[in-house]
Amino acid sequence: MARSVDAARPWTISRGHAWLLAAPLVFLAIFFLWPLARVVVRGFVDPALGLGNYARIFGDGPYLRVIWNTIETAAAVTAICLVVAYPVAYVMARARGAWLQIMAALIVIPLWTSVVIRSYAWMVVFQRRGVLNDLLLGLGLVDTPVRFLPGSIGVHVGMVHIMLPFMILPLVANMRGIDQTLLRAAEILGANPFNAFLRVFLPLSLPGINAGVALVFMTSLGFFITPALLGGPQHMMAAVLIEQQANVYLNWGLASALASTLLVVTLAIYLFYLRVTGGAAGTAIGR
Amino acid sequence: MAGGGILRIMLVGFAALVLGYLILPTFIVVPLSFSNQNYLSFPPPGWSTRWYEAMAGDLAWPQAAVNSFLIGVPTALLSVVLGTLAALAVKRGRLGWAAAASAVVVAPMLLPHVIMAIGLYPVMLDLGMLRGFLSVVVAHTVVAMPLVFITVCASLGSYGEALELAAMTCGAGPWATFRHVTFPMIRTGMLVGGVLAFATSFDELMLSLFLTGPGTRTLPRLIWEQLNMFLTPTIAAVATLIFAFSLLLLGAAAALQARGRAQPVLRHG
Amino acid sequence: MAEYSKQRGAGVVIEALAKRYGEVEALAPTDLTVQSGEFFSLIGPSGSGKSTLLGCIAGFVPPSAGRILVNGADIVAVPPYRRNIGMVFQNYSLFPHMSVAENIAFPLRMRKLPPGEIAGRVERILSVVRLPGMGDRAPSQLSGGQQQRVALARAAVYDPPLLLMDEPLGALDKNLREEMQYEIKQFHRAIGATVLYVTHDQEEAATMSDRIAILNHGRIEQAGEPRALYEQPRNAFVASFLGDANLFEVRRVDGAIADRIAVETSDGLRLVATHAPVTVARLVACIRPEAIRLGNDPERTGETNVIDGVVADVVHAAGSVRTRVSVGDRLVTVRAATQRNVTGWRVGEAVRMAWHPRDTLLIPKE
Ligand SMILES: Nc1ncnc2c1ncn2[C@@H]1O[C@H](COP(=O)(O)OP(=O)(O)O)[C@@H](O)[C@H]1O
Ligand SMILES: [Mg+2]
């Protein structure tokens, strides 16, 4: 019988498991953590050591406006998603059989459609001679085509379209777990349906709301394709600015400082997200 | 209750509207690709397949599609290996820092890709990998691995550790336990995770924008470049093909998952 | 594998075995000896450390201290797959992707037996567990009882000298459970392995086991033959866990005359016993429900313990009558075999309970 050298030490099942993490963690250390660290450092040293980049960002100017615009847009998109997704999730959580399948398909199919292509579709809708203008002209609501692009309407519509599934799915997952008998019990105890909803269902769905809100807000902060195609210079968001600074102006120091700022904000929300999903990272996104 | 009925109809109507909004872009892109006009009017005044012909005539498209596969397939494989390893360690190893480890593994999926892109660019430059296939594969794996991790974690969570302990008492060592018990149980999760990882790579733009060169240009990058230059229905034709392919992938993933569920899995094993 | 051979049951000696999870002492330092071929049960309330003890022996739970000797060799450092111990889990833990026959063949395959021999052994054990011809079924196509029999076959097909079972019948309903108890017992006789059996059902343990150990808060309170535990419980916990017991806290020992010891309980009752532990300060008196006789004849003789009360309720269960009598503000349970021609007591009726002094067990409270 094979014995370990140290016979007194009890055999443990988890002895080998830590080693399984070696490869993924080394990989992430080199290709994820190390690049992030370089971004943060570069923000302070390129082109010169110091806080120059941050002074440019937070000094009054266009960069700060982009950051505020990013946060504002992300917040607005999150709020719209929540308001729109909640009733849909409510209906879906009670749907059964074929209806549930159809609803799930209609939510998952866009999720599998390329983001670039979906933004392209919105360009077709919102452009000068696009679907929306045709409709408005046809209905006689306007006399000349409205100029939607570039602008904030397209950005919001496009971003909400992309983020909506990420709000609906955690909400549905949460709502399906809510015991309907609780609602009925509340109604029997004399609460009218509205009160029963407000005092029983809504608080119980809070974990789903938290998960969805954190997820959507965090992802919205980093949006690139939609604002780049539909927003233009008037409605610029952080990722677009960073890409432009690095790729077009070769201003890597400033890009890194902007990216670090974005990183800090997203990380804070990520930590919140981990808390509300009970540390089980990503469970709410399981498709 | 009449009020409840009206509220219900309103709710369902609203949900239908929202779902219509979600599917709308598809209903614009697909007809547009069969337009006979060279501007983007909708609905198209007439039908033709000229944009598909135009696409086929431009060698850049098939080249980009091939590149996307050459990047997507290795990304999926690497993601499956690394993501499964991480999931096994986190779900089955009794590590005190399992939550921290999974937070690190999942983070790349949720952080803005632009941060990773400008971080990876100089790293790849230093490693001499820039603009090669390997650099994009590695970068895509960083953001695609979390999907495998999540699906495999879910598979591992769907049955109890007792099954593996049972195998061990039967005399199966760690490797035999994995091969005969764990792997058959999580195979579906690994496959679905792999499909998701491929889909992520296939749709990824930001990292490709920084890390690919003319020889490794992917489909999203080519579409992106074209979008910034001229809006022709060629893109709609490409988009329609990509959409059809995505549906195929989605169908494959759904079928895999359905088969996984049909498997006799003990609820509380 | 070299260990593979037909062995009789293994002797198990556990020395100062302990397991802590941080602050929680799942298992206090424990000593236990199980004889070769014995059917030994561990019982105790949920969380008392039964699974922890079994897990240490199986190898899933690394003990914090102590030794586990199987046939004299310490196995603590041996991985579970080399311990050659059979284990049956509460939820069967059959491999869902393998057929019944593949499940049972699995341990034999791991031992690299020739395919022909594997097939023969699987056939044989399938008939022992009364599932002949079911080898091609998927586990999910079987009933709970059948799945449990497959689990039993899988754990025993390689003739392990020690078989561990952790609440194997916990998921079955009562009728099936009783049938399976009998079958497991038969099976034990057939294979001759030592069996360590965990259950929280004291009746199950009493009917099946040669000996029982009662665990509470990670400690073995008492170990011994079922009858000895019932008749001579070491403390109030054992008395109340194994069978029904009427427990009275003893306030004062009044003194002993010959072999009669008189005590006064905290509810003011005077009881007489024959034995009392000498050194223990806090005692309880334990009277088993079937030791008490009910009557309304105040002149009955021969019984030194007499308490009057009022019938509070009467329950007829299979073969016996359970009467609860209220005395002051507590209830005393009395059980008697159902007799024909004897109508039970009516609720509210005054009644006298009497029992022999030797049925008053004076035992330590802790
Ligand atoms: N993995 C663990 N981590 C922490 N505490 C545990 C663990 N396993 C068991 N315990 C604790 O050890 C005690 C004994 O548990 P267990 O042996 O499972 O009891 P039983 O099988 O008798 O119900 C319980 O208090 C339980 O909460
Ligand atoms: Mg237990």
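Is C:Asp244 buried, partly exposed or exposed, and what is its relative accessible area? In this predicted model, C:Asp244 has a relative accessible area of 38% and is therefore partly exposed. This report describes that residue, further charged pairs and one sheet.

## Salt bridges

Over all chains, the structure contains 27 salt bridges. Three of them, each within chain C, are set out below.

| Salt bridge | Closest N to O distance |
|---|---|
| C:Arg121 and C:Asp159 | 3.7 Å |
| C:Arg335 and C:Asp244 | 3.1 Å |
| C:Asp254 and C:Arg252 | 3.0 Å |

The salt bridge between C:Arg121 and C:Asp159 connects distant parts of the chain, with its partners 38 residues apart. C:Arg121 belongs to helix 3 (residues 115-128) of chain C, while C:Asp159 is found in the loop between helix 4 (144-156) and strand 7 (162-166) of chain C. Both C:Arg121 and C:Asp159 are buried.

A salt bridge also joins C:Arg335 to C:Asp244. Because C:Arg335 is located in strand 18 (residues 330-337) of chain C and C:Asp244 in the loop between helix 8 (236-241) and strand 11 (246-257) of chain C, this pair ties together parts that are 91 residues apart in sequence. The relative accessibility of C:Arg335 is 25%, so this residue counts as partly exposed; C:Asp244, at 38%, is likewise partly exposed.

In the pair formed by C:Asp254 and C:Arg252, C:Asp254 has a relative accessibility of 33% and counts as partly exposed. C:Arg252 is partly exposed as well, with a relative accessible area of 41%. These two residues belong to one network, in which salt bridges with shared partners join C:Arg251, C:Arg252, C:Asp254, C:Glu264 and C:Arg270.

## The six-stranded sheet and helix 1

Chain C contains an open sheet of six strands in the order 6-7-8-3-9-10, with mixed pairing. Its edge strands are strand 6 (85-88) and strand 10 (219-224) of chain C, each of which pairs on one side only. On average, neighbouring strands of the sheet are turned by 15° against each other, direction ignored.

Within the sheet, strand 7 and strand 8 (residues 194-199) of chain C run parallel and are joined by five bridges. C:Leu162 stands opposite C:Thr194, a residue of strand 8 of chain C.

Helix 1 (residues 50-58) of chain C packs on this sheet. The helix touches strand 3 (39-43), strand 6, strand 7, strand 8 and strand 9 (211-216) of chain C. The direction of helix 1 makes about 150° with that of strand 7 of chain C.

Technical notes. Residues numbered from 1 in each chain as written. Chains lettered and ligands numbered in written order. Predicted model: local features only at pLDDT ≥ 70, side-chain atom pairs only at ≥ 80, totals over all residues. Heavy atoms only, no water. Salt bridge = Lys/Arg side-chain N within 4 Å of Asp/Glu carboxyl O. Helix = DSSP H or I, 4+ residues; strand = E, 2+ residues; numbered from the N terminus. Buried < 20%, exposed > 50% of the residue type's maximum accessible area, 1.4 Å probe, protein only. Pairing = 2+ DSSP bridges. Axes fitted to C-alpha atoms, helices over the stretch in contact; angles between N-to-C directions. Contact = heavy atoms within 4.5 Å.
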